[in-house]
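Here is a short briefing on nonpolar packing and aromatic contacts. Have a look at the model first, then read on.

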Amino acid sequence: MIDPNTGLYIAPLAVPNPAKVTITATSQAIPSQSASTSVTVQATDPIGTVSGVTTLPSCSGSLQGATCFQMTVSCPGVADLTAYLKVNNPNALPVGTVLFGVGTGGSGLYDDPNAGGFMMGETTVQNILTVGNFNTVQVSFGAPFNPTPPQPNGWLQGPGGVRRLACRYATLADWVYHNPKTINPNPNNTATTSAPMCATGNSGGSGAIAYAVYEYGLDSEFAMIEPTSGPPMARIDQGCSPCNSNVQGPVCTDASSMNNANLCYEPADAAIIDEAYQSAGASSPTLCTNALNGNTPPSGLFQSDSIVYNPGTNNKISLPHTTVKQLFGDLDTSNAVPQGMVWGQSVSPSPLATCIADAGHPIPDVLDGAKQIASDIQQYCH
């Protein structure tokens with residue numbers, strides 16, 4: 001579907017047959033003048049490339065004995081971004097690889113509470129490393145490595161929009177999958193991929209994972225994912241709409257008095273979405289904030305950028321190769337709970353889900369949450 005006012009193309013859930021279609025633009029001022037072009041509709045959004053991989057002289061964070069890498073991630077239609085990986089290897093040959101991501105734009109290390117990470121993040125990573133014998137790969141798009149120029153917004157730095165920017169995480173995950181000997185240089189490691197590869201991420205980090213497995217076609221590479229407190233980008237079109245007219249979603253059944261059922265964003269959340277449409281260092285446009293305050297957003301834009309971008313249909317987000325387990329906090333008052341549960345309801349097969357009684361929005365900040373994540377990954381990542 002092409003919006004007649006904006007020209008924005010909303011792709012169907014299924015690739016048309018034939019996949020090559022012709023688009024014709026006709027001048028409204030001079031209807032006799034028109035031009036046509038052919039485009040091929042792909043099943044998934046295209047991932048990018050990784051270049052300039054270098055080993056850093058030292059690593060940050062709580063967990064010792066790691067190797068840290070710096071690299072450049074390039075994706076179609078958006079600016080290049082510097083990314084970092086903190087890799088720890090088990091003493092034995094690895095049984096697989098697990099990726100960890102922090103919230104918002106992924107600028108920080110999961111095991112470093114002083115750099116965007118979590119109070120008990122080290123517990124989760126350490127458990128998966130030493131008990132599970134997985135390679136652990138912490139992904140950062142900034143802190144604490146301080147790239148030049150700085151990247152405070154991480155993978156969400158626009159312009160381009162949230163869905164297109166999510167290519168950065170998907171590209172990095174795909175690189176990890178296809179470079180097992182860089183991730184684990186043990187001479188006895190004969191693996192040709194990092195499989196089974198699994199991932200967890202909180203809030204915005206869960207959003208990056210959800211885009212990767214569906215919009216970017218990495219369902220075949222991720223054996224299991226555990227989105228925690230999200231993904232909050234399930235329905236950006238509902239998030240960026242006035243709360244007094246907003247629909248509600250499901251919440252933890254034992255925490256209905258604490259969880260906020262509204263799908264609409266708080267102003268701080270809307271500001272984060274705004275960044276996905278802004279150039280680095282700019283403060284405009286503020287598309288989500290404007291829409292939250294009742295101004296009409298660009299037609300179809302937020303729907304197209306949502307993870308659940310074709311709502312109201314019987315078609316599910318099919319993830320046949322990926323086991324999905326979601327975690328939420330009973331004490332989480334953000335919209336991440338209903339947004340994440342709406343996404344879960346749209347996924348097939350239906351995800352497993354658990355609510356942690358003493359957890360707020362950052363699930364790995366509490367010991368129960370940190371241990372649950374580690375236990376789930378060890379149980380389902382195979």
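Are Tyr277 and Phe302 buried or exposed? Tyr277 is buried, and Phe302 is too; buried means under 20% relative accessible area, exposed over 50% and partly exposed in between, with a 1.4 Å probe and protein chains only. Please keep in mind that this is a predicted model, where local features need pLDDT of at least 70, side-chain atom pairs count only at pLDDT 80 or more, and totals for chains, interfaces and linings use all residues. Residues are numbered from 1 along each chain as its sequence is written, and side-chain values use heavy atoms, leaving out hydrogens and water.

**Nonpolar cores**

- The largest nonpolar core (buried Ala, Val, Leu, Ile, Met, Phe, Trp, Tyr and Cys residues joined through side-chain atoms within 4.5 Å) has 64 residues.
- Helix H3 (residues 167-178) gives the largest share of this core, 8 residues; helices are DSSP runs of H or I with at least four residues, numbered from the N terminus.
- Leu85, Trp155, Val162, Tyr169, Phe222 and Trp343 have the most contacts inside this core.
- Leaving aside residues up to four places away in sequence, Phe222 touches Tyr169, Ala173 and Met197, among others (contact means heavy atoms within 4.5 Å).
- Another core, of 22 residues, lies apart from it and includes Phe100 and Phe134.

**Rings**

- There are 5 aromatic pairs, counting Phe, Tyr and Trp (six-membered) rings with centres within 6.5 Å; planes under 30 degrees apart are stacked, over 60 edge-to-face and the rest tilted.
- Tyr277 and Phe302 pair edge-to-face, at 6.0 Å centre to centre and 70 degrees between the planes.
- Ring pairs also join Phe100, Tyr110 and Phe118 into a cluster.

Technical notes
Helix = DSSP H or I, 4+ residues; strand = E, 2+ residues; numbered from the N terminus.
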